[in-house]
Amino acid sequence: MSVNKNYTDETKSVHAGMMENEHHAVVNPIYQTSTFKFRDADHGTALFAGKEEGYIYTRMGNPTVKGLEDAVAQLEQGHKGLACGSGMAAIHTVFGAYLKQGDHVVCSEAVYGPTNTLLAEIFSKFGVQTSFVDTSDLNEIKKAMRPETKIVYVETPGNPTLCVTDIAGAAEIAHAQNALLVVDNTFASPVLQKPLVLGADIVVHSLTKFLNGHADVVGGLIVTKNEEQFKALRRALNLFGGILGPMNSFLVHRGIKTLAMRMERHCANAQKIAKFLDKHPKVESVVYPGLPSHPQYEIAKKQMKCPGGMISFEVKGGIEGGKIVMNNVKLCQLAVSLGGVETLIQHPATMTHAIMPREIRLQAHITDGLVRLSVGVEDVDELIADLDQALNRIP
Ligand code: LCS
């Protein structure tokens, strides 16, 4: 079901993907079923032949899942969505659908660790080569392009360095060579940034983060730009099988109702915390796209509605200093993942990005002492007080 395209994201968050149903329930029912009955043999044949619309088997589509897919696609101003079992399943489905032996990928060097490893260790086995470059510098993308480049893959803001890539600029470079620009929009969410509107071809999300927002589901989603892409990706997802189930789709869809409201609070809290950290004597440096000191501050301002809820900072005392902060916070939770209502703190070098070889990690500016904060929606002064007491433990 489509919500009015002209509605704001505040209204779309609440209503997008809600569908008419038998008993006129205000919220989409949970179709917790693996399969759907055919009226008769001809009906089954028509559904399989694509001559009639309808549901066959949940791996191939399910109404509750479709509600979530529609909601995210409409927030992204895209064509149609495909819900996957995790963000990694979404990313893998896109690579698997579009890459073949001999192809080449240009990928942001600062990406979620397993995305790097998926390309460097798994897709390389199938003859796909990847150049990892600093995509925040468009010249680096240009230099890395080859005639056989099929995908330019960008995470912006990037995990965990928060470097920002100019999406419109990257799209121009990719399209000049008939490559697809795929953007991981997890850190921004569609409320803060709309890559498809800026020129990207496909958007991927880890629903696990801001979209769901409540740290209780792992999921992913692909947003397409046209029917041809949708059909290719639908087929790949059917064959790979990494779908999201109805119950988890329902939960994420419920989370999305407050997405616009939550993002406003995440941004306001993060902006205040970034300023506090920037002045703290135990902090060496702060990276937040909303601080004028951020190298891509102007691009972030141009392409994002606000700079998001993620902050990275380097504490005094390197790895030991980072450990002291993480072991002494009380309100901030020491855990990986991000984008939930609760503030999470973690250490990329030993946790989320430990899978990357050290020299590649350092080249991507993921230093040993880098601490990553996912700012939640708690009272900002209480969060600041918690961080302050933990930072002050550093000798
Ligand atoms: N893309 C980004 C930008 C991510 O941060 C993550 C997970 C993924 C994709 C993969 O999504 P998943 O399969 O977990 O749903 N990021 C995590 C992180 O930074 N900490 O824990 C997970």
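Which residues lie nearest the centre of the largest pocket? In this predicted model, the residues nearest the centre of that pocket are Glu53, Lys66, Lys80, Phe230 and Arg234, and they belong to a lining of 32 residues. Two or more residues of this lining come from each of three elements, namely helix H2 (41-48), helix H3 (63-75) and helix H9 (227-240). Of the contributing elements, H9 gives the most, with 6 residues. The volume of the largest pocket is about 1,100 Å³, and its lining, when sorted by class, comprises 12 charged, 11 polar and 9 nonpolar residues.

Apart from this pocket, the structure holds 1 cavity of 30 Å³ or more, and the space in the largest cavity amounts to about 50 Å³. The lining of the largest cavity includes Thr58, Arg59, Met60, Gly61 and Asn62, together with Val65, Glu69 and Ala83, and it is completed by Arg234, Ile243 and Leu244. By class, this lining consists of 5 nonpolar, 3 polar and 3 charged residues. Arg234 thus appears in the description of both spaces, as one of the residues nearest the centre of the largest pocket and as one of those that line the largest cavity.

The surroundings of the ligand were examined next. Around the ligand there are 19 residues, of which Gly87, Asp184, Ser206, Thr208 and Arg372 come nearest. Sorted by class, this shell holds 9 polar, 6 nonpolar and 4 charged residues. Helix H4 (residues 87-98) supplies the largest share of the shell, with 3 residues, while domain 1 (9-256) and domain 2 (259-391) each provide at least three residues.

Several individual contacts can be described for the ligand. At Gly87, a backbone N or O atom lies 2.9 Å from an oxygen atom of the ligand, and Gly87 is also among the residues that come nearest to the ligand. In the case of Asn159, an N or O atom of the side chain is 2.9 Å from an oxygen atom of the ligand, whereas for Lys209 a polar side-chain atom lies 3.4 Å from a nitrogen atom of the ligand. On its own the ligand has 480 Å² of accessible area, and 93% of this area is covered by the protein.

Asn159 also takes part in a backbone feature, in that the peptide bond leading from Asn159 to Pro160 is cis, with omega near 5 degrees. Another cis peptide bond joins Thr156 and Pro157, and its omega is about -10 degrees. Pro157 is placed in the loop between strand S4 (149-155) and helix H7 (167-176), and Pro160 likewise has its place in the loop between S4 and H7. A further backbone feature concerns Gln77, a residue other than glycine that has a positive phi, near 55 degrees. Gln77 is found in the loop between H3 and strand S1 (81-84), and H3 is in turn one of the helices that give two or more residues to the lining of the largest pocket.

Conventions: Residues numbered from 1 in each chain as written. Predicted model: local features only at pLDDT ≥ 70, side-chain atom pairs only at ≥ 80, totals over all residues. Heavy atoms only, no water. 1 Å grid on protein atoms, 1.4 Å probe; cavity = no way out; pocket = protein on both sides within 12 Å on 5 of 7 lines; lining within 4 Å. Points joined across faces, edges and corners; volume = space filled by probe spheres on them. Helix = DSSP H or I, 4+ residues; strand = E, 2+ residues; numbered from the N terminus. Nonpolar A, V, L, I, M, F, W, Y, C, P; charged D, E, K, R; others polar. Near = heavy atom within 4 Å. Polar contact = N/O pair within 3.5 Å; in protein donor to acceptor, adjacent residues only side chain to side chain. Areas by Shrake-Rupley, 256 points an atom, 1.4 Å probe, with all protein chains shown as cover. Domains from an automatic or database assignment.
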